[in-house]
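Visitor: I would like a close look at a single part of this structure, followed outward into whatever surrounds it. Please take it slowly and keep the account connected.

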Amino acid sequence: MADRRSELDLPKAKRAKLAESDPASNPYLAHMYEEDVGYGNGYGSRNGNKNGRFEQTGLSNFQRHASTAAQAHTAEDGPGNPFNNVPLSNQYFNILKTRRDLPVHKQRQEFLDMFQKSQILVFVGETGSGKTTQIPQFVLFDDLPHFNNKLVACTQPRRVAAMSVAQRVANEMDVKLGEEVGYSIRFEDVTGPKTVLKYMTDGMLLREAMHDHNLTRYSCIILDEAHERTLATDILMGLLKEVALRRPDLKIVIMSATLDAQKFQRYFNDAPLLAVPGRTHPVEIFYTPEPERDYVEAALRTVLQIHATEPEGDILLFLTGEEEIEDACRKITLEADEMIREADAGPLKVYPLYGTLPPHQQQKIFEPAPPPARKGGRPGRKVIVGTNIAETSLTIDGIVYVVDPGFSKQKVYNPRIRVESLLVSPISKASAQQRAGRAGRTRPGKCFRLYTEAAFKKELIEQTHPEILRSNLANTVLELKKLGIDDLVHFDLMDPPAPETLMRALEELNYLACLDDDGDLTTLGKLASEFPLDPALAVMLISSPEFYCSNEILSLTALLSVPQIFVRPASAKKRADEMKDLFAHPDGDHLTMLNVYHAFKSQAATSDPKKWCHEHFLSLRALQSADNVRSQLKRIMEKSELELVSTDFNDKNYYTNIRRALVAGFFMQVAKKDPTGKTYKTVKDDQSVLLHPSTVLGVDSDWVLYNEFVLTTKNYVRSVTSVKPEWLLDIAPTYYDLSTFKAGEIRSALQKTMDKVKRKQATKRTR
Amino acid sequence: MAAQDSGPNTAEEEEDDYMNMIIEEPTQPKQKETYTQRRLRKQRESEARGRVKSKAELALEEAAQREDSLSKSLLEDPETAAKNKGLAMMAKMGFKPGVALGSKENKDARLEPVGISMKEDRGGIGLDSEKKRKFREEHEKEGKRVKAEQVDYRERMRMEREEARLESQVAAAMRVAERMDGEKEEQDAFCAGGSQDEESKETKRKMPTKPLRQINVLWRGLVQRREEKERDRRMRYDLHQSLSRLPTYEDPDEDKDDKRALGTHVVRHSLVEDLEEEDPELDAFNGLDPADRLDKLVRHLRQEYNYCFWCKSAYPDETMEDCPGLTEEEHD
């Protein structure tokens, strides 16, 4: 305990403003005060571990890191719950039976042997092996974290997975979710003082690490789905590699679903590897003889053909995005209805599946296939049309046919033009195999690849590029700095990004004044890292009190952090646009969004928000989640003692102030209109861009600030607000230092503005 | 400054100053743009500036600009590299250009950012490369075909010309051979009897009575063609002479005199009896290459008459001393 106390004293210098507020109230540091807060409730006290006065449980005789599978087996058999001595339920024993049938169970002893011997272990288990639910429990029985006041953490790349797996494991262990087993995701912490196993998003663990560099709270950390290589998982791996040296007592398990595990092994200094086969059936793979002209059309054709000719079994079709999926669902339903009428085909149910779909609709995919239309009729079938979230994270039983056009929407970033965008790109071979594997969950299946075998071999890359290579790292660099990593150049990442990417990130943070010229965190940088936001948004929010509009910027930040609030269904585009015009502000999209939010909070909307949103073609879900994000951010602002102020709405500067505050964060995302035509040129990068068709901009503005650069066949900037060049020079003088500009139209325009300002000031002075 | 700017005037002023001994160097090696030229150039430039670009052009420009920026490393551009604070911070951390980030042992670390490729349609995987491949193949095939045809055509034309030339030479050699043969026969006949007068000689020459088979195969073709021509000419002539009635029409009531009066008496046109007959020997000879036929003719002329077709002259003896050789080339 003593050393943990000193740990608390160490990062004082780094905690700036936050440290001045009571650290005990910081949720990330709550565990450090556990003794003071909940001494009477934790395991530590109840089991009296310090004095050796254990309440007799199934685990009492266990030797930490020396237990066996047989011992665990006995303890699991009860009669009392090995963790809280509560009598075990019937449901528990039912589940226990199926658990013991899982492939991982056979290798429990093998796992324990390796786990006990080494600090880091790489575990490979294909989907369906039971690794996500079982391995953490195996660890619990051997690591016995509750006897040492520690926790076992298991990370998941997705929030939904963290929640659902935690629920499942709580059932398996016959405990209430939030007690022994809990989960923690951004904006939601369902854990308690008794918690021994915590499922959490990898991003959450990273944020905890920012305040507790050695992750002292945990005795074992399990990184699940490491093969997905999310940004947070990659950073965590780099961090854990260092923490492992500082904390020899910390156990680390890296879990991956793919065969590329040797790479993990090598990275963790040749850590031992344990592989468990999944429970899969063979999948027959079909290729097209010729490349397809239109992959969506080909996909629809294939799905309908399967329905017409193949025996019973559900279909999973992979497409790239919400719009494409909704469109495909509509078309399949239409065509299938005709097939049912005219060719006596079986009934067909079509379900979309994508990230922004409301959870209750996502749940629908687990509904069984429809029964035959009449007795003895042809069997019904369900079709799931999903993005690549159906590739690894969700397990849907009953899928026998997979249709794979070979594309997914992926984030791309290139530091040379500083664009982060979502682009439809070909998947990797690993991804294609993963997709095919989905067909073999219940019985032998078929996978229809809508490309030729030659294209599979030649055109697809081996592995998908990890997210760290496809992202703007400004936020990551800020996090790493906060994690106490100063040498970013030699930080041992599994796939280090290109030097230019780091250079851009550091430069951006420097312009945002989050890093000083030596690369050290500034006060602003430390503050910005407290917000789970991109640095530009965080800086905008932090500086907003200076512009007397922090309330409004807070709302706007929340609105920019959630999915699109405007709904524009294909069937009612015109009506939707008319509705949007009701909120339109001539100065641009940001102010328009703010108008929407204010209307959403008004009397007219709050009485029946669902109806109101429907009538105004707005997404209730997005607005509600913006509301939620806003309150979370507000809490952090209050804690950081940032003032929440507003300019009087009748003041003529009400909107001007907001626009100026936008510049404080987004001065690097500004474009100037070309003297000829409609195009704009981005400042400094000189990329030609057009205003996105969705833009509302009532005035013809020479300078605009944009939230997003969208790469399509044309370059678009989306969410645009008009700004004045004087503000740029005034608010971001370092970035708009004219000597750093290439000679050209933009530079001379800025020069003119500067001269004008000088003249004005001069005349003022003489007056 | 103003004086310098005023152009031609200054030159005149300086001319007056003849005491000034500065020898001016010829400073205008370039020809001066005339007023019209300048006006046109300005007009062109302003047109180019003022023209509203089409969407396609804009898209192309955007893409070009993007590709251009994407292909340039920020580290290699000395201007950005020198000013970039991010790079300066990295240098402080020990970064050296050309070395990847991360652990030194990591051999896979990238130096270049991941590229961006834009998908513009719904074409399936492999469609673009398939299209490219097909286009390339098509292009290559097309190229080959055109090339092959070109070679063929030229060769064919050359061969055709050559053949035509040879044929005309063959014909010429045939005529020579026939003439010589005729002269020789005459001489033989003259030597033998010498009774035939000039006129009969003429007719004999014009209307050989010899059956074709007896004529040397070397120029039999020539005679045959001539005979055929002659026959066709006569038949045409007879047709014109007869009263519009097919020459083959036989009226049983007509007697000999009627026939004569009507000009329908049967005329035997073939001057040589076997003109219509099959002649395998001639066919075989005609089947030969014109070069071979010519060769045979040339040899025949040399052997029989000590005559060289190429020299166009007869030699006194069979050694034919002054003749360079058998072939045309030898006579070049």
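Which strand of chain A does S1(A) pair with in the parallel sense over 5 bridges, and which residues does that strand span?

Guide: The partner is strand S7 of chain A, residues 251-256, which pairs with S1(A) in the parallel sense through 5 bridges; the model in front of you is a predicted one, and what follows should be read in that light. Within this pairing, Leu121(A) has Val253(A) of S7(A) as its bridge partner. S1(A) also has a second parallel neighbour, strand S8 (residues 273-276) of chain A, to which 4 bridges join it, and here Val124(A) stands opposite Ala275(A).

As for its surroundings, S1(A), residues 120-125, is largely enclosed by the rest of the structure, because 6 of its 6 residues are buried, buried being taken as under 20% relative accessible area. The burial extends to both faces of the strand: Ile120(A), Val122(A) and Val124(A) are buried on one side, while Leu121(A), Phe123(A) and Gly125(A) are buried on the other. In soluble globular proteins, nonpolar side chains tend to be buried together.

A comparable question of enclosure can be put to strand S16 (residues 445-449) of chain A, which is largely enclosed by the rest of the structure because 4 of its 5 residues are buried. S16(A) belongs to an open sheet of 6 strands, with parallel pairing, whose order in chain A is S9-S16-S13-S10-S12-S11. The edges of this sheet are formed by strand S9 (283-287) and strand S11 (348-353) of chain A, each of which pairs on one side only, and the twist from one strand to the next averages 20°.

Going through the sheet from the S9(A) edge, one finds S9(A) and S16(A) paired in the parallel sense over 5 bridges, with Phe286(A) standing opposite Phe448(A) of S16(A). S16(A) is in turn joined to S13(A) by 4 bridges, again with the strands running parallel, and in this pairing Val402(A) stands opposite Cys447(A) of S16(A). Val402(A) also serves the next pairing, since it is the bridge partner in S13(A) of Leu316(A); strand S10 (residues 314-318) and strand S13 (residues 399-404) of chain A run parallel and are joined by 4 bridges. Helix H15 (residues 322-343) of chain A packs on the sheet, where it touches S10, S11 and strand S12 (381-386) of chain A, and its direction makes about 180° with that of S11(A).

The cysteine in S16(A) leads to the matter of disulfides, of which the count over all chains comes to 0. Cys447(A) is in no disulfide, and the nearest cysteine sulfur, that of Cys329(A), is 19 Å away; at 0% relative accessibility, Cys447(A) counts as buried. In chain B, Cys311(B) is likewise in no disulfide, but the nearest cysteine sulfur there, that of Cys308(B), is 3.4 Å away, whereas a disulfide would need the sulfur atoms to be within 2.5 Å. Cys311(B) is partly exposed, with a relative accessible area of 26%.

Elsewhere in chain A, a further sheet has another arrangement: 5 strands close into a barrel in the order S17-S18-S19-S21-S20, with mixed pairing. Neighbouring strands of this barrel are turned by 50° against each other on average, when direction is ignored. Within it, strand S20 (residues 703-711) and strand S21 (residues 715-723) of chain A pair in the antiparallel sense over 8 bridges, and Trp703(A) has Val723(A) of S21(A) as its bridge partner. Helix H25 (residues 589-600) of chain A lies across S20 and S21 of chain A, running at about 75° to S21(A).

Turning to the nonpolar interior, the largest nonpolar core has 136 residues, of which Phe531(A) and Tyr736(A) touch the most other members. Helix H12 (residues 231-246) of chain A gives the most to this core, with 9 residues. Leaving aside residues up to four places away in sequence, Tyr736(A) touches a set of residues including Phe667(A), Val670(A), Leu728(A) and Phe741(A). Apart from this core lies another, of 42 residues, among them Phe62(A), Val104(A), Val165(A) and Ile222(A).

How values were computed. Residues are numbered from 1 along each chain as its sequence is written. Chains are lettered from A and ligands numbered from 1 in the order in which they are written. This is a predicted model: local features need pLDDT of at least 70, side-chain atom pairs count only at pLDDT 80 or more; totals for chains, interfaces and linings use all residues. Side-chain values use heavy atoms; hydrogens and water are left out. A nonpolar core is a set of buried Ala, Val, Leu, Ile, Met, Phe, Trp, Tyr and Cys residues joined through side-chain atoms within 4.5 Å. Buried means under 20% relative accessible area, exposed over 50%, partly exposed in between (1.4 Å probe, protein chains only). Helices (H or I, at least four residues) and strands (E, at least two) are DSSP runs, numbered from the N terminus. Contact means heavy atoms within 4.5 Å. Two strands pair if DSSP finds at least two bridges between them. Axes are lines fitted to C-alpha atoms, for helices over the stretch in contact, and angles run from 0 to 180 degrees between N-to-C directions.
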